[in-house]
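Hi everyone, thanks for coming. I'd like to walk you through how some helices and sheets fit together in this one, so please have the structure open.

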Amino acid sequence: MLDFFTIFSKGGIVLWCFQGTGVTESFTGPVNALIRSVILQERSGNNSYTHDALSLKYKLDNEFELVFVFYFLKENTILAYSSFIDDVQLHFRDRYKNELEQKGARTLLSSCFAFEDDFKMLLCEAEESSKARGPTSMRSFNASLKSQKTVKSMIETKGGDKGKEQGGKKNKNAKKEGKAKAPASAQKTVENGNQGLTQEEIIQKKREEFIRKRMWYGKSHCLLPSSKSPKPVKEKTKGKEKRVWTLGGNSTKELDYSQCNGNGDHATGVHVLDAQADPGMQLSSMKGDLLAVDYESSEEEEEDVVEKVVVADTSKQIPKRGAYGGMFGMLKGLVGSKSLSQEDMEPVLDKMRDHLIAKNVAAEIASQLCDSVAKKLEGKVMGTFTTVASTVKGALQDSLVQILQPKRRVDILRDVLEARSQRRPFVITFCGVNGVGKSTNLAKISFWLIENGFTVLIAACDTFRAGAVEQLRTHQRRLNSLHPPQDDRGRPVVQLYEKGYGKDAAGIAMEAIAYARNQDFDVVLVDTAGRMQDNTPLMTALAKLIAVNMPDLVLFVGEALVGNEAVDQLVKFNQALADHSISDKPRLIDGIVLTKFDTIDDKVGAAISMTYITGQPIVFVGTGQTYNDLRSLNARAVVGALMKA
């Protein structure tokens, strides 16, 4: 028996609802979760959604902006009623077509949708058809072919073996005869190519061709010297220019260690790491919110991706029906006078899927995005003089922007001020795989926080990698040289809390947070060791660190160069944090730091893959190697780069 069925508009108005007899469970929570997680976030590629062990089946009607949702208690019953939701959709559309065409919330609220009788009729038909298509019974032994075999038929006779051998020899001889006949047939074709000439005539013909070629070659190379064309002068290739680092200074004397003493200082007494003495290290201010990532792309370049595809595909698909038939058929395909179907969108979606994969979007994510766009547009009527390509492209762009835009407020500066008013530090934990730039981007975020007037404590919880503590100590020394202690009550604005190597990372983080609370630090940045998503002991240690210390923000650091690996990394990181967590409600990844964004040009697909998998926003974007190279994500700029040809 059916447990639950509802029909509502995409505006949130419930048009009709049915709940089975004896079902007391409320379906408000699962349906609201379906709206938030699937419909609003453009994730409608699949027709099912699971929420707290409840599996809902849904179908979108894009022409009238309706959503049909139903639920069965038993999963095998859902398979039996696979076409039931399609029948309900068609009957509901046909019966209330006039009311649905008058779009508007007031019209839907004032209309009465008495659909109980039709629904029960369709439900009875579906139950009868499911009983008729019941599981087939297993065949008996007497009905099988195996029962017809006898023991005598299974025994091989000698005559049969000889016959097989003779047949085998016959086949081999036939193959040899076929191979022998092949050269003869080839020889006949040669003779036919020479039009039945004799062997001497063929030789004479080849000699004449050879002499004619030699004479032409001699004439072409015995021209007068004055007629020779001058050889083009090759331009000298430009050599590789010496790169000048903007923040490294122009003087090479600082790199000369021949006059240094044993402590690494120059004989003149100037320390090499004194960033205050180097004018190249004076960075620009980063007060306030971060600048957004900017990407310049023209609209003409973006439209070339799909328009060329449609012209090629429509030219193949439109049949020739005479001059007028072909012309009007082409206009009918271009002008929006019909509703979109899966067959119309399939060639465009295939090209768009390949384009997204070429732009570094994970293959699985690209397929889900295109399926979601197909579900969103199926049955929708196109506007006048609107091509299928432009419609699909516009829907895909809207979906990508919706995915990249944060679903919740992300304002770290405001959160730090709120934590300061509560007299506690704001704790951020960084995690990720090896070599993605966790420590470097931690130093960039420290510089941004210091520029906004906050004090920072860096917790060195990477007790595994050699040189990790020394790297953070170097960043601390450089940041303090850029912001002298006298600017903040005589205390360094950045301090490093470290206990060496081989210690428990969770214990070091706990001690660092307690130290920051006692010393009135505003922010604690916890640096963790890089680990692969398949390393169970290290993933357990990371889950313990997060569960014990409960940071305010857990950031996953991933590089923009990654492709399909982004899906595996984020899924397994979230799964490991959930499996190895101590609490009932595990703490998962809250945001993403996308690094090495300056190395990928327009292949920005990793941003889509990471955001689609986690549903969490990209908080920071690393665009270089200096402290100023930190940006926030501009969703429309990234989508523009992604859609560029």
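Let's start with helix H14, residues 388-404, and helix H21: their axes come within 9 Å and cross at roughly 65 degrees. H14 passes H21 in a left-handed crossing. I should say right away that this is a predicted model. If you want to find the contact on screen, look for Leu400, Ile403 and Leu404 in H14, which meet Ala607, Ile608, Thr611 and Tyr612 in H21. What classes of residue make up the contact of H14 with H21? There are 6 nonpolar residues, 1 polar and no charged.

H21 has another partner to show you. Helix H20, residues 565-579, packs with H21, residues 605-614, at an angle of about 30 degrees, and the two axes are 9 Å apart. That angle makes H20 roughly parallel to H21. H20 passes H21 in a right-handed crossing. On the H20 side the contact uses Ala566, Val567, Leu570, Val571 and Asn574, while H21 brings Ser609, Met610, Ile613 and Thr614. Sorted by class, the contact of H20 with H21 has 6 nonpolar residues, 3 polar and no charged.

Now a pair elsewhere in the chain. Helix H16, residues 438-451, packs with helix H17, residues 468-482, at about 25 degrees, with axes 10 Å apart. So H16 is roughly parallel to H17. Which hand does the crossing of H16 and H17 have? The crossing of H16 and H17 is right-handed. From H16 you'll see Ser439, Thr440, Leu442, Ala443, Ser446, Phe447 and Ile450 in the contact, and from H17 there are Gln471, Leu472, His475, Leu479 and Leu482. The contact of H16 with H17 divides into 7 nonpolar, 5 polar and no charged residues.

On to the sheets. One open sheet has 8 strands, in the order S8-S7-S9-S6-S10-S11-S12-S13, with mixed pairing. Its edge strands are S8, residues 494-497, and S13, residues 630-631, and each pairs on one side only. Strand S12, residues 618-622, pairs with S13 in the antiparallel sense over 2 bridges. Gly622 stands opposite Leu630 in S13. Helix H15, residues 412-421, packs on this sheet and touches strands S6, S9, S10 and S12. The direction of H15 makes about 135 degrees with that of S6.

A quick word on annotation here. An unreviewed UniProt entry places the feature "domain: SRP54-type proteins GTP-binding" at residues 617-630. In the model, the end C-alpha atoms of residues 617-630 lie 16 Å apart, and the span is 0% helix and 43% strand.

Last, the N-terminal part of our tour. Here 5 strands form an open sheet in the order S2-S1-S5-S4-S3, with antiparallel pairing. Why is one side of S2 and of S3 left without a neighbour in the sheet? S2, residues 14-19, and S3, residues 48-51, stand at the edges with a single partner strand each, so one side of each has no neighbour there. From one strand to the next, the twist averages 20 degrees. Within this sheet, S4, residues 54-61, and S5, residues 66-71, pair in the antiparallel sense over 5 bridges. For a landmark, take Tyr58, whose bridge partner in S5 is Val69. Helix H3, residues 84-95, packs on the sheet, touching S1, S2, S4 and S5, and its direction makes about 40 degrees with that of S4.

That's my tour, thanks for listening!

Terms used
Residues numbered from 1 in each chain as written. Predicted model: local features only at pLDDT ≥ 70, side-chain atom pairs only at ≥ 80, totals over all residues. Heavy atoms only, no water. Axes fitted to C-alpha atoms, helices over the stretch in contact; angles between N-to-C directions. Helix = DSSP H or I, 4+ residues; strand = E, 2+ residues; numbered from the N terminus. Parallel < 35°, antiparallel > 145°, perpendicular 65-115°, else oblique. Left-handed = near helix turned anticlockwise from the far one by under 90°. Contact = heavy atoms within 4.5 Å. Nonpolar A, V, L, I, M, F, W, Y, C, P; charged D, E, K, R; others polar. Pairing = 2+ DSSP bridges. UniProt positions renumbered as here; feature names shortened; annotations may be inferred.
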